[in-house]
Amino acid sequence: MNSTQPFTVAIDGPAAAGKGTIGRAVAARFGLAHLDTGLLYRAVGAEVLGGADPVEAARNLEARALENPALRTAAVAQEASKVAVIPEVRAALLDFQRAFARRAGGAVLDGRDICTVICPQAEVKMFVTATPEVRAQRRYDELIARGQDTTYAAVLADVVERDRRDSERSAAPLKPAQGADVLDTSQLGIDAAVAAAIALVKEARV
Ligand code: CDP
């Protein structure tokens, strides 16, 4: 691969499927830039919880808003999935994501509509998934490790509710893209899931 050419790894999937961990590991392994696109919607959601208008917040989003650790809470995740149904919010975030996807040197993006809407021409397209129970357990462990006060039942309810909203919306609904490789990580540890994703990227790079 010529390192100045675009090379996009697009990763979609439901809440807490491990897209972020896989995306970061693939980016590090191949020297690609990484964008967790969920953070864009979380940043807009956080602004809305603070009283902002969602469309204005999306249009005025600044890169440093993505670094706020408070974006990782379940309350912000819920609000993110509410603002994510608004077509004008999605439209405001489109150009940034498309430019990131095709940047020189290559990029990994993870989210809900990367393979379907943002970059259907991506050289690698994956749909990473797992059962709701497995995903909820992983997110519960992650939130507890971050010192947040929650229960497994609350996390499972959040995951199921967001999956429903993300899949049923008419603007860029969550679904596996045509031609995407489905990676079901229900029975895979993180190392095995990352190895499977790396194998898919290697196949596409030759
Ligand atoms: O980390 P987790 O999978 O729980 O969520 P996230 O990727 O941070 O995304 C938070 C919310 O943003 C999702 O529930 C979606 O509603 C929305 N989202 C989206 O609509 N499109 C994307 N490309 C990424 C996230």
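**Group meeting talk: a central strand, its sheet and the helices around it**

In strand β3, the residues A107, L109 and G111 point one way while V108 and D110 point the other way, and all of them are buried. I should say at once that what we are looking at is a predicted model, so please keep that in mind as we go along. Strand β3 covers residues 107–111, and because five of its five residues are buried, the strand is largely enclosed by the rest of the structure.

What, then, pairs with β3? On one hand there is strand β1, residues 8–12, which pairs with β3 in the parallel sense over five bridges, and within that pairing A10 stands opposite L109. On the other hand there is strand β2, residues 33–36, which also pairs with β3 in the parallel sense, here over four bridges. If you follow that second pairing along, you will find H34 opposite V108, and you will find D36 with D110 as its bridge partner in β3.

Let us now step back to the whole sheet, which is an open one of five strands, in the order β2-β3-β1-β4-β5, with parallel pairing. Which strands stand at the edges? They are β2 and β5, each of which has a single partner strand, so that one side of each is left without a neighbour in the sheet. Neighbouring strands are turned against each other by 20 degrees on average, if we ignore direction.

Helices lie against this sheet, and I will mention two of them. Helix α5 packs on the sheet and touches β1, β2 and β3, with its direction making about 140 degrees with that of β3. Helix α9, residues 190–205, lies across β1, β4 and β5, and it runs at about 165 degrees to β4.

Now to the packing between helices. In general, two packed helices are described by the angle between their axes and by the distance between those axes. Take first α2, residues 38–49, and α5, residues 87–101, which pack at an angle of about 140 degrees with their axes 11 Å apart; that angle makes α2 oblique to α5. The crossing of α2 past α5 is right-handed, and in it L40, Y41 and V44 of α2 meet V89, R90, L93, F96 and Q97 of α5. By class, the residues of this contact divide into six nonpolar, one polar and one charged.

The second pair is α4, residues 74–83, with α8, residues 152–168, where the angle is about 15 degrees and the axes are 9 Å apart, and these two helices are therefore roughly parallel to each other. Their crossing is left-handed. Here A74, A77, Q78, S81 and K82 in α4 meet D158, E161, R162, R165 and D166 in α8, and the contact has two nonpolar, two polar and six charged residues.

How many of the ten residues of α4 are buried? The count is seven, so α4 is largely enclosed by the rest of the structure. Among these buried residues are V76, E79 and V83, and the buried residues of α4 pack against α2, α3, α5 and α8.

I would like to finish with a single residue, R169, which is found in the loop between α8 and β5. Is R169 buried or exposed? Its relative accessibility is 8%, and because buried means under 20%, R169 counts as buried. R169 and V85 are 84 residues apart in sequence, yet 5.9 Å apart in space from C-alpha to C-alpha. Leaving out residues up to four places away in sequence, R169 touches A84, V85, R90 and R112.

Key:
Residues numbered from 1 in each chain as written. Predicted model: local features only at pLDDT ≥ 70, side-chain atom pairs only at ≥ 80, totals over all residues. Heavy atoms only, no water. Axes fitted to C-alpha atoms, helices over the stretch in contact; angles between N-to-C directions. Parallel < 35°, antiparallel > 145°, perpendicular 65-115°, else oblique. Left-handed = near helix turned anticlockwise from the far one by under 90°. Contact = heavy atoms within 4.5 Å. Nonpolar A, V, L, I, M, F, W, Y, C, P; charged D, E, K, R; others polar. Buried < 20%, exposed > 50% of the residue type's maximum accessible area, 1.4 Å probe, protein only. Pairing = 2+ DSSP bridges.
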